[in-house]
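Visitor: I would like to understand how the words used for a protein model are justified. Could you take me through the reasoning step by step?

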Amino acid sequence: MENTDITSSAAPAANVDQAEISKFGDLAHQWWDRDGVLRTLHAINPLRLGWVQEFHRLKDLRVLDVGCGGGILSESMAQVGAQVTGIDLAEESLRVAQLHALEEGVNNVNYRQISAEDLAREQPGHRRQPMAGRSRSRS
């Protein structure tokens, strides 16, 4: 997957909290500042990635990261070989995620400005299984 464009869905879902989207959009310039306001997210990201890897071998796995923000977890999963689609409704955060992935040479992550509900409508019948709902098998 290439991360050259952020695709957008026009209509937001009914359960969207615009204040939350604006809050994280306003933080866009700080997503990758490891010493900034999001430093705790950076500090726990290895734990988040490790938790995901307890359930799945990520190499070559197609992964959807809902609410990906600036792409911290998305990029980490891509770096270990997953084919990642990160979705969020904060365009500013997605642009930062895209730029960081380009700077790091991570080309197996794709960012989209779309809600989970709209993505499900766009791809009916596409099978998705939540990571927490899977057994701990790594095969």
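Visitor: What makes Arg-121 count as buried or exposed?

Guide: Please keep in mind that this is a predicted model. Arg-121 has a relative accessible area of 58%, and because exposed means over 50%, Arg-121 is called exposed.

Visitor: Why is the contact of Arg-121 and Asp-118 called a salt bridge?

Guide: The N to O distance between the side chains of Arg-121 and Asp-118 is 2.4 Å, and since a salt bridge asks for a side-chain nitrogen of Lys or Arg within 4 Å of a carboxyl oxygen of Asp or Glu, the pair qualifies as a salt bridge. Arg-121 and Asp-118 are separated by about one helical turn, because they lie three residues apart in helix 5, which covers residues 116-122.

Visitor: How do you know whether Asp-118 is buried or exposed?

Guide: The relative accessible area of Asp-118 is 12%, and because buried means under 20%, Asp-118 is classed as buried, whereas its partner Arg-121 is exposed.

Visitor: How many salt bridges does the structure hold, and what makes Glu-20 and Lys-23 a case?

Guide: The structure holds four salt bridges, and in one of them the closest N and O atoms of Glu-20 and Lys-23 are 3.5 Å apart, so the pair meets the cut-off of within 4 Å. Both residues belong to helix 1 (residues 18-26), where they are three residues apart, about one turn of the helix.

Visitor: Why are Glu-20 and Lys-23 given the class they have?

Guide: Glu-20 has a relative accessible area of 35% and Lys-23 has 40%; because partly exposed covers what lies between under 20% and over 50%, Glu-20 is partly exposed, and Lys-23 is partly exposed as well.

Visitor: What makes Arg-95 and Glu-91 a salt bridge?

Guide: Their closest N and O atoms are 2.9 Å apart, and the cut-off is within 4 Å, so Arg-95 and Glu-91 form a salt bridge. Both lie in helix 4 (residues 91-104), four residues apart.

Visitor: Which side chains of strand 2 are buried, and which are not?

Guide: In strand 2 (residues 62-66), Val-63 and Asp-65 point to one face and are buried, while Arg-62, Leu-64 and Val-66 point to the other face and are not. In a regular strand the side chains alternate between the two faces of the sheet.

Note on methods. Residues numbered from 1 in each chain as written. Predicted model: local features only at pLDDT ≥ 70, side-chain atom pairs only at ≥ 80, totals over all residues. Heavy atoms only, no water. Buried < 20%, exposed > 50% of the residue type's maximum accessible area, 1.4 Å probe, protein only. Helix = DSSP H or I, 4+ residues; strand = E, 2+ residues; numbered from the N terminus.
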